[in-house]
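Work through the exercises below with the sequence and model open. Each task is followed by a stepwise solution.

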Amino acid sequence: MSAVRAGSRRISSWVRHSAIYQWLTAEPDPEVIVIDLRETWTVGPILRVLDRTIDRLADAAAGSRAVAIATRGSTAAIAAPLRAGGLVLAALGIVVAVSGVLGATALTRVAVGVGLAVAGVIAMQDDRDWATLRETRPVELAITAFEPPAPPDSGTDQEVDDADHREDGPSDTERDDST
């Protein structure tokens, strides 16, 4: 009997000290408040309408030609993003240039439109995929510049809070000059 009790205590100790047991039984963080917006009076009805609308759109998109064209277009844009962007830029340039000619013939608008169209045609010549472009220096710099900073560690927040609450004046305890 004592061997059975010792074995059950050991297994119980292993279970209580396991990561999954501690994760499942951990106290919730008191600073985190979770609100289910579906149960609120103000946002709940809007979310229910959105759910119904999205479900109907998803059913309709299954056989849609427009969705198939958009899917092919997005696949082509991912396969050659500069080519797709160049096409859009060239089309925009043509629209700007034509609006400059048809309007009050603004030479600046025509020049900007032609410049955009030429830049678009040049960009359309590049057929590198996104994975290859991502490794280039300009794209790496742009990603570094625009990506959000990493969230601070919870340990460093505590250290900052402790440093803020310290007093700069003399303490109540005497200091030993040898230390």
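Contact means heavy atoms within 4.5 Å. The model is predicted: local features need pLDDT of at least 70, side-chain atom pairs count only at pLDDT 80 or more, and totals for chains, interfaces and linings use all residues. Residues are numbered from 1 along each chain as its sequence is written, and side-chain values use heavy atoms, without hydrogens and water.

**Exercise 1.** Place Trp130 and list its contacts beyond four places in sequence.

Step 1. Trp130 lies in helix α7 (residues 130–134). Helices are DSSP runs of H or I with at least four residues, numbered from the N terminus.
Step 2. Outside its neighbours within four places, Trp130 contacts Ile78, Pro81 and Val139.
Step 3. Pro81 is 49 residues away from Trp130 in sequence, yet their C-alpha atoms are 6.4 Å apart.
Step 4. The relative accessible area of Trp130 is 40%, so Trp130 is partly exposed (buried is under 20%, exposed over 50%, partly exposed in between; 1.4 Å probe, protein chains only).

**Exercise 2.** Determine whether Gly93 is buried or exposed, and what it touches.

Step 1. Gly93 sits in helix α5.
Step 2. Its relative accessibility is 0%, so Gly93 is buried.
Step 3. Beyond four places in sequence, Gly93 contacts Gly113, Val114, Leu116 and Ala117.

**Exercise 3.** Describe how α5 and α6 pack.

Step 1. Helix α5 (residues 81–102) and helix α6 (residues 107–123) pack at about 160 degrees, with axes 7 Å apart. Axes are lines fitted to C-alpha atoms over the stretch in contact, and angles run from 0 to 180 degrees between N-to-C directions.
Step 2. Therefore α5 and α6 are roughly antiparallel (over 145 degrees).

Technical notes
Helices (H or I, at least four residues) and strands (E, at least two) are DSSP runs, numbered from the N terminus. Angles under 35 degrees count as roughly parallel, over 145 as roughly antiparallel, 65 to 115 as roughly perpendicular and the rest as oblique.
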